[in-house]
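Biologist: I am new to this structure and would like a close look at a single part of it. Could you take me slowly through one residue and the empty space around it?

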Amino acid sequence: MEERKKYEDNESKKNSKSSSSTNLLKNKMFKKFIQSRWYPGIFQWPVLIVFTFIVYELLVGPSVAHDNFGTAGTWVLWWPLLPIMLFLLGRFWCAICPFGLINDLVQKFVGNNRPVPKFLRKYGIWIIDAMFIMITWSDHVWGVVESPRGSAVVLLLITAGVIFSGAFFERRTWCRYLCFLGGVSSNYTRVGMMELRATPEKCAKCKVLACYKGSEKADGCPMFEFPRAMETNAECNFCGNCVKNCPNDSIKMYPRVPTKELWFIRKPKLAESFLAVVIMGIVFVQNITMLAIWKDILSWLEGVTGTTSYYVTFTVTFIVAMLIPIILLSVTGLIAKKFNGDSVKQNFARFGYAIIPLDLAGHIAHNLFHLLAEGKSVIFTFVELFGINMHGSTALLDNGTIQVLQYILIVLGALGSIYTVYKIAKHTYGNKNPIKTTVVYTILLVFLAVVNLILFALPMEMRM
């Protein structure tokens, strides 16, 4: 225990030293902008206007996805760029998200600001996991991406949930405890390159607690975070409220080494690791259903299940794809138990986080195909709004180049995950067999990476 505490103290000092030398809020112009009343509204309102137009276009525009600007803007541009933004800027998107602004407006005029129900605080992560799984399933079964009207319905249902939550509950209850996109964002942000923290020495003397409670300058943290006690950026959306409210200039914002936050998680949560593992299975599904061999797989499944119902055949595929990484991580935890002494559940919760870098890489690699193979469709559908018809290939790069970029991403993601396993093992067990535990999980990660590489090597078909 003394060795682990000494290691943690040394790492804490290193982190503090590196963060203090790169604190972005030392830049007076940047800090003044974050503290101004313009931020983040200067981004929120334009995004809300674009969002409103996108929904309108999805509802009344062309019914064919290929010709609809709303579909192209949502699934070809925004969705592929989102995980990249999460990696580079953390949950900055959540600061400017139109749903967050809608929540704030509803709360301002008709909000009751009731406390968050206890069951949401306790089971919110699992609800988010379930919502993410259900929405992904419904996309494939009902063709949400291929249907502008379907995409509009999903966005309007989310809007209704945000309005309901904002009308009854305090702060951004929806964003923290119910938003499926927020759950994915919180996982990916842990891999990201931006961090916000308070200065413990300054906060220890503070009696005001304005960072959480708020002040005349700004509301308290909308995500229920207490900056002085934060150990993760998973729920921080860089809204700037704590920077505005802090009377002691305690808040720091700085770049960090990717995956670093994953190395020192004190209290691993099973639900967060479960989501990380499930995402790996979902990426498999997303890739498989875009392959030319998908029709052959469907025919085989129809023979096995005895039905031609796509609901049944896809659901079977979906469940199996999610179960494979869950079972593999559980079996790996059973083997690792012999070296580190933790239970299978403890190993699953702790090392499930190490899959997140590979998750993010796989997610970006998959969406890169949409962005680079269908990117020009955003331009084509936009100019068509003004009566200008443009035709031709929608590709920004050729398939060979896209595949090379996908391979590079998967390799980098795998390396990031393997190094994360080593750092978690070293941090948790000290010198007690960290290498043996690392080797066991490395075999799993290499296998998952190879499966991804094989899937990306096969020819993909466009969904739009």
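Modeller: What follows starts from one cysteine and then turns to the cavities. This is a predicted model, in which local features need pLDDT of at least 70 and side-chain atom pairs count only at pLDDT 80 or more, while totals for chains, interfaces and linings use all residues. Residues are numbered from 1 along each chain as its sequence is written, and side-chain values use heavy atoms, with hydrogens and water left out.

Cys206 sits in the loop between α11 (200–203) and α12 (210–213), where helices are DSSP runs of H or I with at least four residues, numbered from the N terminus. Cys206 is buried, its relative accessible area being 15%, and buried means under 20% with a 1.4 Å probe and protein chains only. Leaving aside neighbours within four places in sequence, Cys206 is in contact with Arg228 and Asn248, contact meaning heavy atoms within 4.5 Å. Arg228 lies 22 residues from Cys206 along the chain, and their C-alpha atoms are separated by 9.7 Å.

Cys206 also belongs to the lining of the second largest cavity, where Cys203, Cys206, Cys211, Cys246 and Ser250 are the nearest to the centre among 13 lining residues. A cavity is a set of points, on a 1 Å grid over the protein atoms alone, where a 1.4 Å probe fits but cannot get out, and lining residues have an atom within 4 Å of a point. This second largest cavity holds about 90 Å³ of space, a volume being the space filled by probe spheres set on the points, which are joined across faces, edges and corners.

Methods:
Helix = DSSP H or I, 4+ residues; strand = E, 2+ residues; numbered from the N terminus. Buried < 20%, exposed > 50% of the residue type's maximum accessible area, 1.4 Å probe, protein only. 1 Å grid on protein atoms, 1.4 Å probe; cavity = no way out; pocket = protein on both sides within 12 Å on 5 of 7 lines; lining within 4 Å.
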